[in-house]
Amino acid sequence: LLRKDLHMTQNDPGNDYPLSEVPLHARKGLASTAMVLLGFTFFTATMFAGGKLGVAFGFAEMLTVIVIGNLLLGLYAAGLGYIAFKSGLNSVLIGRFCFGEVGSKLSDLILGFTQIGWYAWGTATAAVVLGKYFGLGESTVLGLMVLFGLGFCATAYIGYRGLEILSYIAVPAMMLLLMLSMWVATVKVGGFEGLLAVVPTGSLDWSTAITLVFGTFVSGATQATNWTRFSRSAKVAVLASLIGFFLGNGLMVLIGAYGAIVYQQPDVVEVLLLQGFAMAAMAMLLLNIWSTQDNTIYNFAVAGCNLLRTRRRKTVTLGGAVIGTLLALLGMYDMLVPYLILLGTVIPPIGGVIMADFFFRWRGRYPRLAEARLPAFNWPGLLAYGLGTVAAFNSPWVAPLVGIATGALTYVLLIGVMGIRTADAPLQDL
C-alpha cells in the first residue's frame, strides 16, 4: 500500500509532496510564490483590525502602527520561509524535527484545527453576506453554505497550481477594486489633508494596537511554509513572505482603517456597497474569501496528511471541506473574535520553536526526512511550546511575540542544558 501511495504521488504532481521535501525541479519563482501568498493574505477579517486602528489614532500615527506591526509579521514569515526553502518542508513536517515523530502530531492537530475553523468562518461569512444583500431565507443561506463549503476547496484539491491560477485572477482584480475604493474614500473625506484632520473617537494603546495587527494573521504566517517551501531560492522565499505579509496584510489593515475613518465601516464589502459599487462588492466578497479559503483548506490537508501519515492530500482536502461546512452550518459565523484570540496565542510558539530548532540545534541544515532517525517525542520542543503558549496567554504585552520569544528561548536553554545533539544522518544543503 505504501509503495502504491508513493507511486501515485510521484505520478501526480497535484499531491504536492505532502510527506517529503519539494524537489528542486518543482520549485517556483517570485511571481508565483508572492501571488499565492497575496491571495492568502487578502482576507476580509483582517480589515476589522484596521477598523479599530482607524478610530483610535490619527492618520500618521495609525500608519506607523500598521508599518511596525506588519513588518514584524513579515519578518516572522520570512524567517520561516527561509527554513522552508532550505529544507523543502512545511511547518508540520518540520515539526517532526522539533517535536518528534509522534510529538509532531500535536502541532498537526493545533494547525489543522485552527485552519478548519477559518474555513468554516469564511464559508459561513460568504453565505450570510450574500443572504443579507439579496434578502434570502434561512434555508437558502444554509444551502449556500453547503455550496460554498464544497466549492471553495476546488482549487486546493488541484494543489499548488490551482491556488496559483486563482491568485493570478483574484489578486489583480481585488487590487484594482481596493485602489478604486480608497480613491473614492479619499475624495469623500477631503483628500490627504482631510485624513490628517480626522480626530480619533476611540482609544487604543500601542501594545494592543500592534497585537491586533501582528496577531490577526500570525497563524497564517506560521503555515505559509506550505508555499514558501516551493521557492526556487532563499531570496524568493524571503521576498515573497515580505510581499504577502508586510505589504499584502498591511494593505488589508489599511483598507479597514480607511473604511472606519470615512464610513465608520471597516469591511470593504460594506464600504463598496456604500460607494455604490454593488456588483463589485459581491465580486470582491467571493474573490476575497475564495482566494483565502482554498489556501486555508490546503493548510488543513497538509496537516492532516502528516497526522495520518498519508500521501492522499486530495482525499484529506475533501474531508476537511466537509468538516468545515458542518461547522459553518453549526454557527461558526458568530465566533470570529474569540477564535482570533485563540489563534494568536496557541500557534505562534510553534514558529518560535521551529526557528530555534533549525538555527541552534541543526545549524541551518536538516537531514533528509526519510533518512533522519528522530525520537518519538522531542521533549525540549514540546516543553518549550507549552511554556510559550502559557506565556502568551498571560502576557499583558504583544501576546504572539511573547509566545514566539518564550518558545524559542526556552528551547535553546533546554537543548543546551540537556546536551541534545542532532541525529546521525547526512545533512542536506540546497
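Welcome! A good place to start is Q264, which sits in the loop between α14 (234-263) and α15 (268-274). This is a predicted model, and Q264 is one of the spots where its backbone takes a positive phi in a residue other than glycine, with a value near 55°. From there, the points below visit other loops, several helices and a patch on the surface.

**Backbone turns with positive phi**

- As background, most residues other than glycine have a negative phi.
- Q264 counts as exposed because its relative accessibility is 60%, and the cut-off for exposed is over 50%.
- Y17 also has a positive phi although it is a residue other than glycine, and its value is near 50°.
- You can find Y17 in the loop between α1 (2-10) and α2 (30-41).
- Is Y17 buried or exposed? Y17 is buried, with a relative accessible area of 16%, because buried means under 20%.
- G88 comes just after α4 and takes a positive phi of about 75°.
- R309 comes just after α16, where its phi is positive at about 55°.

**Helix α4 and residue A77**

- Helix α4 covers residues 59-87, which makes 29 residues.
- How does the length of α4 fit what 1.5 Å a residue would give? The expected span is 42 Å and the end C-alpha atoms are 42 Å apart, so the two agree.
- A77 lies in helix α4 and is buried, with a relative accessible area of 2%.
- Which residues does A77 touch, leaving aside its neighbours within four places in sequence? A77 is in contact with A221, S241 and F245.
- A77 and S219 are 142 residues apart in sequence, while their C-alpha atoms are 9.9 Å apart in space.

**Helix α16 and residue A301**

- Helix α16 runs over residues 278-308, and A301 is found in it.
- For its 31 residues, 1.5 Å a residue gives an expected span of 45 Å; the end C-alpha atoms of α16 are 44 Å apart, which agrees.
- Why can α16 be called largely enclosed by the rest of the structure? The reason is that 24 of its 31 residues are buried.
- A301 is itself buried, with a relative accessible area of 0%.
- Beyond its neighbours within four places in sequence, A301 is in contact with R313, V316 and T317.
- A301 and T211 are 90 residues apart in sequence and 28 Å apart in space, from C-alpha to C-alpha.

**Helix α3, a mostly covered helix**

- How many of the 11 residues of helix α3 (residues 44-54) are buried? Nine of them are, which leaves the helix mostly covered.
- The buried residues of α3 are T44, A45, T46, M47, A49, G50, G51, L53 and G54.

**A nonpolar patch on the surface**

- L142, V146, L150, V322, L326 and L329 form a nonpolar patch on the surface, and together they have about 450 Å² of accessible area.
- Which elements give two or more residues to the nonpolar patch? They are α7 (138-151) and α17 (313-329).
- A general point about helices is handy when viewing the patch: an α-helix has 3.6 residues a turn, so residues three or four places apart point the same way.
- L142, one of the patch residues, has its place in helix α7.
- L142 is partly exposed, with a relative accessible area of 32%.

Note on methods. Residues numbered from 1 in each chain as written. Predicted model: local features only at pLDDT ≥ 70, side-chain atom pairs only at ≥ 80, totals over all residues. Heavy atoms only, no water. Patch = residues over 30% accessible without salt bridge, like charges linked within 9 Å, V, L, I, M, F, W, Y side chains within 5 Å. Areas by Shrake-Rupley, 256 points an atom, 1.4 Å probe, with all protein chains shown as cover. Salt bridge = Lys/Arg side-chain N within 4 Å of Asp/Glu carboxyl O. Helix = DSSP H or I, 4+ residues; strand = E, 2+ residues; numbered from the N terminus. Buried < 20%, exposed > 50% of the residue type's maximum accessible area, 1.4 Å probe, protein only. Contact = heavy atoms within 4.5 Å. Expected span 1.5 Å × (residues − 1).
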